[in-house]
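I'm opening my notebook on a structure that is new to me. I'll jot down what I look up, entry by entry.

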Amino acid sequence: MIETIEKRGIVDEDVLRAMRSVPRHLFVPENQQDFAYGDYPLPIGYGQTISQPYIVALMTELLELKEDNRVLEIGTGSGYQAAILAEIPGLEVYTMEIVPELAASACQRLKDLGYTNVECRQGDGYFGWPEHGPFDAIIVTAAPDHVPQPLVDQLVEGGRMVIPIGPPGSYQTLWKFVKQPDGELKAFNMGGVAFVPFTGEGMKESEEHGWPPP
Ligand code: SAH
């Protein structure tokens, strides 16, 4: 798995070390464990998937994480991406999941594996986790059709957000945003990806279309 992601261009040593350390097979259902280290997504129940290792590594690298950074993940799923973040030295990790059963099992798993620098909770990530913000980095692992404005508001100046945006059930574009002093987002297109849809009332009811502009 490590060889594959290195070949595909991942160079950040902290990311590679994290990918080597986290036992990915413990984050997938038992009948998927034989496939855990292949470079593809796998089902984790409730219609959701654990992202493929390369995408996990790429998104983590794009966040440009530094010691003492506070990071928010939306879409805990299995907890694997949160564990990778927790292995990067000196981070404080917060992760939110909307499906109660997945939130409960992922939180338990992260606790059992001894990750003390991750806090997780069930909830609609559209609204972020303002009590713990602002964040230096935000990673969204389900695809909305626009950037949730509350997440932009919870990003520090110079903060990075990595997020797939596009129509649900189809292909999306992976974006990296950097928040500018005027609150605007500088956007970098990282190519095509396929993520599960971003669900919840927040996105449906919101009139705010932070980015892209309508
Ligand atoms: N990062 C995960 C993969 C997650 S798949 C891992 O490493 O395993 C995307 C997850 O986002 C799904 O579990 C889905 O339920 C969750 N999700 C979708 N919409 C959400 C929302 N509004 N708030 C929080 N989580 C959401």
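**Entry 1: where the ligand is**

I looked for the ligand and found that it sits in the largest pocket. For my own record, sitting in a pocket asks that more than half of a molecule's atoms lie within 2 Å of its grid points. A pocket here is an open set of points on a 1 Å grid over the protein atoms alone, where a 1.4 Å probe fits, with protein on both sides within 12 Å along at least five of seven lines.

Two ground rules before I go on. The model is predicted, so I note that local features need pLDDT of at least 70 and side-chain atom pairs pLDDT 80 or more, while totals for chains, interfaces and linings use all residues. Residues are numbered from 1 along each chain as its sequence is written, and side-chain values use heavy atoms, with hydrogens and water left out.

**Entry 2: which elements surround it**

I asked which elements give two or more residues to the shell around the ligand. They are β2 (48-50), β3 (70-74), α4 (80-87) and β4 (92-97). β2 gives the most, with three residues. My labels follow DSSP runs numbered from the N terminus: helices are H or I runs of at least four residues, strands are E runs of at least two.

**Entry 3: who is in the shell**

I found 26 residues around the ligand, and Ser 78, Glu 97, Asp 124, Gly 125 and Thr 199 come nearest. To be near, a residue needs a heavy atom within 4 Å of the molecule. I then sorted the shell by kind: eleven residues are nonpolar, twelve polar and three charged. In this sorting Ala, Val, Leu, Ile, Met, Phe, Trp, Tyr, Cys and Pro are nonpolar, Asp, Glu, Lys and Arg are charged, and the others, Gly among them, are polar.

**Entry 4: polar contacts**

Next I looked up polar contacts with the ligand, meaning pairs of N or O atoms within 3.5 Å. A polar side-chain atom of Glu 97 is 2.6 Å from a ligand oxygen atom. Two backbones also turn up: a polar backbone atom of Gly 75 is 2.9 Å from a nitrogen atom of the ligand, and a backbone N or O atom of Thr 199 lies 2.8 Å from a ligand nitrogen atom. How much of the ligand's accessible area does the protein cover? I read 99% of the 580 Å² that the ligand has on its own. That area is by the Shrake-Rupley method with a 1.4 Å probe.

**Entry 5: two helices**

I checked helix α3 (residues 53-62) and saw that ten of its ten residues are buried, so the helix is largely enclosed by the rest of the structure. Buried means under 20% relative accessible area, exposed over 50%, and partly exposed in between, with a 1.4 Å probe and protein chains only. The buried residues of α3 include Tyr 54, Met 59 and Glu 61.

Why do I call α4 largely enclosed as well? Seven of its eight residues are buried, so the rest of the structure largely encloses α4. Among them are Tyr 80, Ile 84 and Leu 85. I picked out Gln 81, which is in helix α4 and is buried at a relative accessible area of 7%. Its C-alpha is 8.5 Å from that of Ile 50, although the two residues are 31 apart along the chain.

**Entry 6: backbone oddities in loops**

I went through the loops next. Tyr 46, in the loop between β1 (42-45) and β2, has a positive phi near 60 degrees. Is Tyr 46 buried or exposed? It counts as exposed, at 52% relative accessibility.

Glu 64 is in the loop between α3 and β3, and its phi is also positive, near 50 degrees. At 39% relative accessibility, Glu 64 counts as partly exposed.

I also noted a cis peptide bond between Gly 133 and Pro 134, with omega about -5 degrees. Pro 134 is in the loop between β5 (118-122) and β6 (135-140).

**Entry 7: two longer spans**

Last, I looked at two residues farther along. Leu 151, in helix α6 (residues 149-153), is buried at 0% relative accessibility. From Leu 151 to Val 28 I noted 28 Å, C-alpha to C-alpha, and 123 residues in sequence. Gly 158, in strand β7 (residues 155-165), is partly exposed at 33%.

Notes: A polar contact is a pair of N or O atoms within 3.5 Å; within protein, one must be able to donate a hydrogen and the other to accept it, and residues adjacent in sequence count only if both atoms are side-chain atoms. On a 1 Å grid over the protein atoms alone, a cavity is a set of points where a 1.4 Å probe fits but cannot get out, and a pocket is an open set with protein on both sides within 12 Å along at least five of seven lines; lining residues have an atom within 4 Å of a point.
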